[in-house]
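Hi,

Here is the model I promised to pass on. Have a look at it first, and then read my notes underneath.

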2 protein chains.
Amino acid sequence: MLYDLLRPVRPLALNSARVVETSLRSDDLTVGMRAVLEVLAEQGPLTVPVIGDRLDLARQGIQRHVNDLIDRGLAEQRPNPAHRRSVLIATTPAGAALFERIRAGELARLGTMAAECGSAEIATALRVLAALHRDIRAEAGRS
Amino acid sequence: MLYDLLRPVRPLALNSARVVETSLRSDDLTVGMRAVLEVLAEQGPLTVPVIGDRLDLARQGIQRHVNDLIDRGLAEQRPNPAHRRSVLIATTPAGAALFERIRAGELARLGTMAAECGSAEIATALRVLAALHRDIRAEAGRS
DNA sequence: TCAATATGACATCATTGTTGTCATGTCTGA
DNA sequence: TCAGACATGACAACAATGATGTCATATTGA
(Lines give C-alpha, C1' and ligand atoms only; values in the text may rest on other atoms or scores of the structure.)
Protein backbone atom coordinates (compact mmCIF):
# COMPACT_ATOMS: atom_id res chain seq x y z
CA MET A 1 0.00 0.00 0.00
CA LEU A 2 1.64 3.19 -1.20
CA TYR A 3 -0.25 5.24 1.36
CA ASP A 4 1.50 3.37 4.17
CA LEU A 5 4.81 3.75 2.40
CA LEU A 6 4.35 7.49 2.18
CA ARG A 7 3.33 7.93 5.80
CA PRO A 8 6.79 7.47 7.38
CA VAL A 9 8.52 9.55 4.70
CA ARG A 10 8.06 12.91 6.38
CA PRO A 11 9.08 11.76 9.89
CA LEU A 12 12.07 10.06 8.32
CA ALA A 13 13.02 13.24 6.50
CA LEU A 14 12.64 15.22 9.72
CA ASN A 15 14.71 12.87 11.86
CA SER A 16 17.37 12.54 9.20
CA ALA A 17 17.64 16.30 9.06
CA ARG A 18 17.93 16.44 12.84
CA VAL A 19 20.78 13.94 12.89
CA VAL A 20 22.60 15.58 10.00
CA GLU A 21 22.05 19.05 11.43
CA THR A 22 23.59 18.09 14.75
CA SER A 23 26.81 17.14 12.99
CA LEU A 24 26.73 20.30 10.90
CA ARG A 25 26.48 22.66 13.87
CA SER A 26 30.21 22.58 14.51
CA ASP A 27 30.89 23.48 10.88
CA ASP A 28 28.43 26.39 10.86
CA LEU A 29 26.45 24.76 8.06
CA THR A 30 22.71 24.33 7.54
CA VAL A 31 21.08 21.32 5.91
CA GLY A 32 20.23 23.51 2.94
CA MET A 33 23.84 24.44 2.40
CA ARG A 34 24.86 20.82 2.83
CA ALA A 35 22.36 19.73 0.18
CA VAL A 36 23.79 22.20 -2.34
CA LEU A 37 27.31 21.15 -1.46
CA GLU A 38 26.35 17.52 -2.07
CA VAL A 39 24.99 18.24 -5.53
CA LEU A 40 28.07 20.24 -6.47
CA ALA A 41 30.43 17.59 -5.09
CA GLU A 42 28.74 14.82 -7.05
CA GLN A 43 27.80 16.52 -10.29
CA GLY A 44 30.47 19.16 -10.71
CA PRO A 45 29.95 22.87 -11.40
CA LEU A 46 26.32 23.78 -12.12
CA THR A 47 24.27 26.92 -12.49
CA VAL A 48 21.91 27.94 -9.71
CA PRO A 49 18.72 27.05 -11.62
CA VAL A 50 20.08 23.60 -12.45
CA ILE A 51 20.86 22.95 -8.79
CA GLY A 52 17.28 23.92 -8.07
CA ASP A 53 16.06 21.35 -10.58
CA ARG A 54 18.19 18.65 -8.98
CA LEU A 55 16.79 19.38 -5.53
CA ASP A 56 13.23 20.18 -6.60
CA LEU A 57 13.54 23.68 -5.15
CA ALA A 58 13.11 27.16 -6.58
CA ARG A 59 16.22 28.90 -7.82
CA GLN A 60 15.69 31.77 -5.38
CA GLY A 61 16.14 29.56 -2.34
CA ILE A 62 19.16 27.86 -3.88
CA GLN A 63 20.69 31.27 -4.53
CA ARG A 64 20.57 31.99 -0.81
CA HIS A 65 22.36 28.76 0.04
CA VAL A 66 24.94 29.38 -2.68
CA ASN A 67 25.59 32.88 -1.40
CA ASP A 68 26.03 31.51 2.11
CA LEU A 69 28.49 28.91 0.81
CA ILE A 70 30.45 31.56 -1.08
CA ASP A 71 30.54 33.73 2.04
CA ARG A 72 32.15 30.81 3.85
CA GLY A 73 34.65 30.10 1.11
CA LEU A 74 33.13 26.68 0.39
CA ALA A 75 31.88 27.49 -3.11
CA GLU A 76 32.89 29.91 -5.84
CA GLN A 77 31.66 31.34 -9.11
CA ARG A 78 33.26 30.33 -12.37
CA PRO A 79 32.75 31.76 -15.83
CA ASN A 80 30.22 29.78 -17.85
CA PRO A 81 31.43 29.16 -21.41
CA ALA A 82 27.87 28.56 -22.51
CA HIS A 83 26.33 31.63 -20.93
CA ARG A 84 27.77 35.02 -20.14
CA ARG A 85 25.35 35.94 -17.41
CA SER A 86 24.56 32.62 -15.73
CA VAL A 87 27.77 31.70 -13.94
CA LEU A 88 28.70 28.21 -12.82
CA ILE A 89 28.89 27.42 -9.12
CA ALA A 90 31.62 25.02 -8.00
CA THR A 91 32.98 23.80 -4.71
CA THR A 92 36.28 25.25 -3.58
CA PRO A 93 38.94 22.77 -2.39
CA ALA A 94 37.88 23.66 1.16
CA GLY A 95 34.22 22.98 0.31
CA ALA A 96 34.99 19.66 -1.34
CA ALA A 97 37.15 18.58 1.57
CA LEU A 98 34.54 19.61 4.11
CA PHE A 99 31.79 17.70 2.34
CA GLU A 100 33.96 14.61 2.04
CA ARG A 101 34.49 14.72 5.79
CA ILE A 102 30.78 15.23 6.40
CA ARG A 103 29.82 12.36 4.14
CA ALA A 104 32.35 10.03 5.73
CA GLY A 105 30.76 10.68 9.11
CA GLU A 106 27.29 10.08 7.77
CA LEU A 107 28.30 6.84 6.07
CA ALA A 108 29.86 5.64 9.31
CA ARG A 109 26.61 6.29 11.16
CA LEU A 110 24.50 4.64 8.47
CA GLY A 111 26.72 1.58 8.53
CA THR A 112 25.13 0.29 11.71
CA MET A 113 21.52 0.96 10.70
CA ALA A 114 18.79 -1.29 9.32
CA ALA A 115 21.17 -4.16 9.90
CA GLU A 116 18.48 -6.79 9.32
CA CYS A 117 17.91 -5.62 5.74
CA GLY A 118 19.90 -7.25 2.97
CA SER A 119 21.30 -5.33 0.04
CA ALA A 120 18.72 -6.88 -2.28
CA GLU A 121 15.92 -5.56 -0.10
CA ILE A 122 17.49 -2.13 0.08
CA ALA A 123 17.84 -2.13 -3.69
CA THR A 124 14.18 -3.02 -4.05
CA ALA A 125 13.23 -0.26 -1.65
CA LEU A 126 15.29 2.17 -3.68
CA ARG A 127 13.51 1.17 -6.90
CA VAL A 128 10.06 1.49 -5.36
CA LEU A 129 10.88 4.83 -3.82
CA ALA A 130 12.28 6.10 -7.11
CA ALA A 131 9.15 5.03 -9.00
CA LEU A 132 6.89 6.67 -6.46
CA HIS A 133 8.99 9.80 -6.46
CA ARG A 134 8.91 9.97 -10.24
CA ASP A 135 5.11 9.89 -10.34
CA ILE A 136 4.56 12.18 -7.38
CA ARG A 137 7.04 14.61 -8.82
CA ALA A 138 5.13 14.60 -12.09
CA GLU A 139 1.90 15.20 -10.20
CA ALA A 140 3.49 18.07 -8.30
CA GLY A 141 4.66 19.51 -11.60
CA ARG A 142 1.06 19.95 -12.74
CA SER A 143 0.63 23.24 -10.91
CA MET B 1 23.25 1.50 -0.09
CA LEU B 2 21.30 3.30 2.58
CA TYR B 3 22.86 6.62 1.62
CA ASP B 4 21.23 6.41 -1.81
CA LEU B 5 17.96 5.37 -0.24
CA LEU B 6 17.99 8.40 2.00
CA ARG B 7 18.83 10.85 -0.75
CA PRO B 8 15.39 10.93 -2.44
CA VAL B 9 13.53 11.00 0.87
CA ARG B 10 13.54 14.75 1.31
CA PRO B 11 12.54 15.59 -2.29
CA LEU B 12 9.81 12.98 -2.02
CA ALA B 13 8.56 14.51 1.20
CA LEU B 14 8.60 17.95 -0.40
CA ASN B 15 6.75 16.93 -3.54
CA SER B 16 4.22 14.91 -1.58
CA ALA B 17 3.55 17.93 0.58
CA ARG B 18 3.10 20.06 -2.53
CA VAL B 19 0.57 17.69 -4.04
CA VAL B 20 -1.33 17.29 -0.78
CA GLU B 21 -1.22 21.01 -0.07
CA THR B 22 -2.75 21.83 -3.42
CA SER B 23 -5.79 19.72 -2.58
CA LEU B 24 -6.00 21.21 0.90
CA ARG B 25 -6.12 24.81 -0.31
CA SER B 26 -9.83 24.65 -1.02
CA ASP B 27 -10.50 23.34 2.47
CA ASP B 28 -8.40 26.04 4.18
CA LEU B 29 -6.15 23.40 5.72
CA THR B 30 -2.36 23.19 6.06
CA VAL B 31 -0.35 20.00 5.84
CA GLY B 32 0.34 20.30 9.55
CA MET B 33 -3.33 20.37 10.38
CA ARG B 34 -3.92 17.46 8.01
CA ALA B 35 -1.22 15.41 9.73
CA VAL B 36 -2.85 15.92 13.12
CA LEU B 37 -6.26 15.09 11.68
CA GLU B 38 -4.85 11.88 10.25
CA VAL B 39 -3.47 10.75 13.60
CA LEU B 40 -6.74 11.52 15.35
CA ALA B 41 -8.81 9.79 12.66
CA GLU B 42 -6.74 6.63 12.85
CA GLN B 43 -5.90 6.38 16.52
CA GLY B 44 -8.83 8.02 18.23
CA PRO B 45 -8.73 10.79 20.84
CA LEU B 46 -5.23 11.58 22.08
CA THR B 47 -3.57 14.24 24.17
CA VAL B 48 -1.44 16.88 22.51
CA PRO B 49 1.91 15.50 23.74
CA VAL B 50 0.99 12.01 22.50
CA ILE B 51 0.18 13.38 19.04
CA GLY B 52 3.59 15.01 19.12
CA ASP B 53 5.20 11.65 19.87
CA ARG B 54 3.37 10.03 16.96
CA LEU B 55 4.55 12.69 14.53
CA ASP B 56 8.01 13.21 16.02
CA LEU B 57 7.25 16.84 16.70
CA ALA B 58 7.30 19.00 19.82
CA ARG B 59 4.01 19.40 21.67
CA GLN B 60 4.11 23.18 21.21
CA GLY B 61 3.85 22.95 17.46
CA ILE B 62 1.11 20.34 17.67
CA GLN B 63 -0.80 22.62 20.02
CA ARG B 64 -0.91 25.27 17.30
CA HIS B 65 -2.31 22.84 14.77
CA VAL B 66 -4.84 21.54 17.27
CA ASN B 67 -5.96 25.07 18.10
CA ASP B 68 -6.36 25.81 14.40
CA LEU B 69 -8.43 22.64 13.96
CA ILE B 70 -10.63 23.58 16.92
CA ASP B 71 -11.09 27.07 15.48
CA ARG B 72 -12.40 25.45 12.30
CA GLY B 73 -14.70 23.06 14.11
CA LEU B 74 -12.75 20.02 12.93
CA ALA B 75 -11.51 18.93 16.35
CA GLU B 76 -12.70 19.31 19.90
CA GLN B 77 -11.55 18.87 23.47
CA ARG B 78 -12.91 16.03 25.57
CA PRO B 79 -12.46 15.39 29.27
CA ASN B 80 -9.65 12.97 29.98
CA PRO B 81 -10.66 10.34 32.55
CA ALA B 82 -7.02 9.70 33.33
CA HIS B 83 -5.96 13.30 33.72
CA ARG B 84 -7.84 16.38 34.84
CA ARG B 85 -5.65 18.93 33.17
CA SER B 86 -4.47 17.20 29.99
CA VAL B 87 -7.59 16.98 27.85
CA LEU B 88 -8.12 14.58 24.99
CA ILE B 89 -8.32 15.93 21.45
CA ALA B 90 -10.78 14.23 19.10
CA THR B 91 -12.10 14.84 15.63
CA THR B 92 -15.59 16.26 15.35
CA PRO B 93 -17.96 14.55 12.90
CA ALA B 94 -17.16 17.36 10.45
CA GLY B 95 -13.43 16.76 10.93
CA ALA B 96 -13.73 13.01 10.48
CA ALA B 97 -15.84 13.43 7.35
CA LEU B 98 -13.47 15.99 5.89
CA PHE B 99 -10.44 13.77 6.45
CA GLU B 100 -12.21 10.80 4.92
CA ARG B 101 -12.88 12.87 1.82
CA ILE B 102 -9.29 14.06 1.73
CA ARG B 103 -7.91 10.56 2.10
CA ALA B 104 -10.20 9.18 -0.60
CA GLY B 105 -8.84 11.76 -3.01
CA GLU B 106 -5.27 10.95 -2.06
CA LEU B 107 -5.83 7.22 -2.47
CA ALA B 108 -7.35 7.79 -5.87
CA ARG B 109 -4.28 9.72 -6.95
CA LEU B 110 -1.89 7.13 -5.53
CA GLY B 111 -3.76 4.36 -7.32
CA THR B 112 -2.12 5.18 -10.63
CA MET B 113 1.39 5.60 -9.30
CA ALA B 114 4.43 3.31 -9.28
CA ALA B 115 2.38 0.95 -11.41
CA GLU B 116 5.38 -1.23 -12.24
CA CYS B 117 5.93 -2.13 -8.59
CA GLY B 118 4.24 -5.23 -7.22
CA SER B 119 2.72 -5.39 -3.78
CA ALA B 120 5.55 -7.63 -2.57
CA GLU B 121 8.10 -5.03 -3.58
CA ILE B 122 6.13 -2.27 -1.93
CA ALA B 123 5.91 -4.36 1.23
CA THR B 124 9.67 -4.86 1.17
CA ALA B 125 10.20 -1.14 0.69
CA LEU B 126 7.95 -0.47 3.64
CA ARG B 127 9.94 -2.85 5.85
CA VAL B 128 13.27 -1.34 4.86
CA LEU B 129 12.00 2.19 5.37
CA ALA B 130 10.59 1.28 8.76
CA ALA B 131 13.88 -0.26 9.88
CA LEU B 132 15.85 2.73 8.71
CA HIS B 133 13.40 5.10 10.34
CA ARG B 134 13.60 3.19 13.61
CA ASP B 135 17.38 3.51 13.78
CA ILE B 136 17.57 7.09 12.57
CA ARG B 137 14.87 8.04 15.00
CA ALA B 138 16.88 6.48 17.79
CA GLU B 139 19.95 8.37 16.66
CA ALA B 140 17.97 11.63 16.57
CA GLY B 141 16.73 10.87 20.07
CA ARG B 142 20.29 11.05 21.40
CA SER B 143 20.29 14.82 21.69
C1' DT C 1 4.44 15.36 52.03
C1' DC C 2 7.51 17.07 48.76
C1' DA C 3 10.41 17.18 44.84
C1' DA C 4 10.44 16.03 40.03
C1' DT C 5 7.91 15.90 36.06
C1' DA C 6 4.08 16.82 32.75
C1' DT C 7 0.98 19.93 30.66
C1' DG C 8 -1.32 24.04 28.64
C1' DA C 9 -0.68 28.58 27.36
C1' DC C 10 2.01 31.97 25.49
C1' DA C 11 5.94 34.00 23.30
C1' DT C 12 10.01 34.41 20.33
C1' DC C 13 13.19 33.12 16.86
C1' DA C 14 15.49 30.77 12.74
C1' DT C 15 15.11 28.13 8.74
C1' DT C 16 13.32 27.69 4.62
C1' DG C 17 9.87 27.16 0.90
C1' DT C 18 7.00 30.37 -1.88
C1' DT C 19 6.03 34.22 -4.57
C1' DG C 20 6.71 38.56 -6.88
C1' DT C 21 9.45 42.20 -9.28
C1' DC C 22 12.93 44.20 -12.21
C1' DA C 23 16.84 44.74 -15.22
C1' DT C 24 19.52 42.30 -18.27
C1' DG C 25 21.21 38.48 -21.00
C1' DT C 26 19.89 34.75 -24.25
C1' DC C 27 17.38 32.33 -27.67
C1' DT C 28 13.96 31.26 -31.26
C1' DG C 29 11.18 31.98 -35.07
C1' DA C 30 9.39 35.09 -38.48
C1' DT D 1 18.21 40.65 -38.70
C1' DC D 2 15.09 41.59 -35.40
C1' DA D 3 11.34 41.33 -32.06
C1' DG D 4 9.21 38.95 -28.69
C1' DA D 5 9.51 35.15 -25.42
C1' DC D 6 12.16 33.25 -22.02
C1' DA D 7 16.05 32.68 -18.55
C1' DT D 8 18.80 34.55 -14.93
C1' DG D 9 20.64 37.18 -10.94
C1' DA D 10 19.46 40.20 -7.44
C1' DC D 11 16.44 41.67 -4.12
C1' DA D 12 12.36 41.70 -1.28
C1' DA D 13 8.44 40.14 1.43
C1' DC D 14 5.69 36.61 3.34
C1' DA D 15 3.94 32.12 5.38
C1' DA D 16 4.50 27.66 7.44
C1' DT D 17 6.71 25.45 10.74
C1' DG D 18 10.31 23.49 13.71
C1' DA D 19 12.96 24.83 17.90
C1' DT D 20 13.25 26.82 22.24
C1' DG D 21 12.11 29.12 26.54
C1' DT D 22 9.05 30.52 30.41
C1' DC D 23 5.42 30.21 33.82
C1' DA D 24 1.56 28.55 36.44
C1' DT D 25 -0.66 24.49 37.60
C1' DA D 26 -1.58 19.55 37.78
C1' DT D 27 0.21 15.01 38.38
C1' DT D 28 3.19 11.46 39.94
C1' DG D 29 6.39 8.90 42.52
C1' DA D 30 9.74 8.46 46.18
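A word on naming before anything else: helices (H or I, at least four residues) and strands (E, at least two) are DSSP runs, numbered from the N terminus. This is a predicted model, so local features need pLDDT of at least 70 and side-chain atom pairs count only at pLDDT 80 or more, while totals for chains, interfaces and linings use all residues. Residues are numbered from 1 along each chain as its sequence is written, chains are lettered from A and ligands numbered from 1 in the order in which they are written, and side-chain values use heavy atoms, with hydrogens and water left out.

Let me start with H5 of chain B. Helix H5(B) covers residues 59–71, 13 in number, and spans 18 Å from first C-alpha to last, close to the 18 Å expected at 1.5 Å a residue (the expected span is 1.5 Å times one less than the number of residues). Its buried residues are B:Ile62, B:Val66 and B:Leu69 (buried means under 20% relative accessible area, exposed over 50%, partly exposed in between, with a 1.4 Å probe and protein chains only). They sit on the same side of H5(B) because they cover an arc of only 55° around the axis, the arc being that of the directions from the helix axis to the C-beta atoms. The face turned away from that buried side carries the exposed B:Arg64 and B:Asp71. The buried residues of H5(B) pack against helix H3 (31–43), helix H4 (48–55), strand S1 (75–80) and strand S2 (83–91) of chain B; contact here means heavy atoms within 4.5 Å. Just after H5(B), B:Gly73 takes a positive phi of about 75°.

Now the DNA. I call a residue near a strand if one of its heavy atoms lies within 4 Å of it. Around DNA strand C there are 23 residues, of which A:Arg64, A:Arg84, A:Arg85, B:Arg10 and B:Arg18 come nearest. By class, they divide into seven nonpolar, eight polar and eight charged (Ala, Val, Leu, Ile, Met, Phe, Trp, Tyr, Cys and Pro count as nonpolar, Asp, Glu, Lys and Arg as charged, and the others, Gly among them, as polar). H5(B) gives the largest share of this surface, four residues.

For polar contacts I took pairs of N or O atoms within 3.5 Å; within protein, one must be able to donate a hydrogen and the other to accept it, and residues adjacent in sequence count only if both atoms are side-chain atoms. On strand C, the side chain of B:Arg59 has an N or O atom 2.6 Å from a base nitrogen, and a polar side-chain atom of B:Arg18 is 2.6 Å from a phosphate oxygen. B:Gln63 also reaches a phosphate oxygen of strand C, at 3.5 Å.

What about DNA strand D: which residues are closest to it? Among the 24 that surround strand D, the closest are A:Arg10, A:Arg59, B:Arg64, B:Arg84 and B:Arg85. Here H5(A) supplies the largest share, four residues. A polar side-chain atom of A:Arg59 lies 2.6 Å from a base nitrogen, and one of A:Gln63 lies 3.4 Å from a phosphate oxygen. The side chain of A:Ser86 has an N or O atom 3.0 Å from a phosphate oxygen of strand D.

Finally, H6(B): B:Pro93, B:Arg101 and B:Ala108 are exposed on the side away from its buried residues.

Cheers
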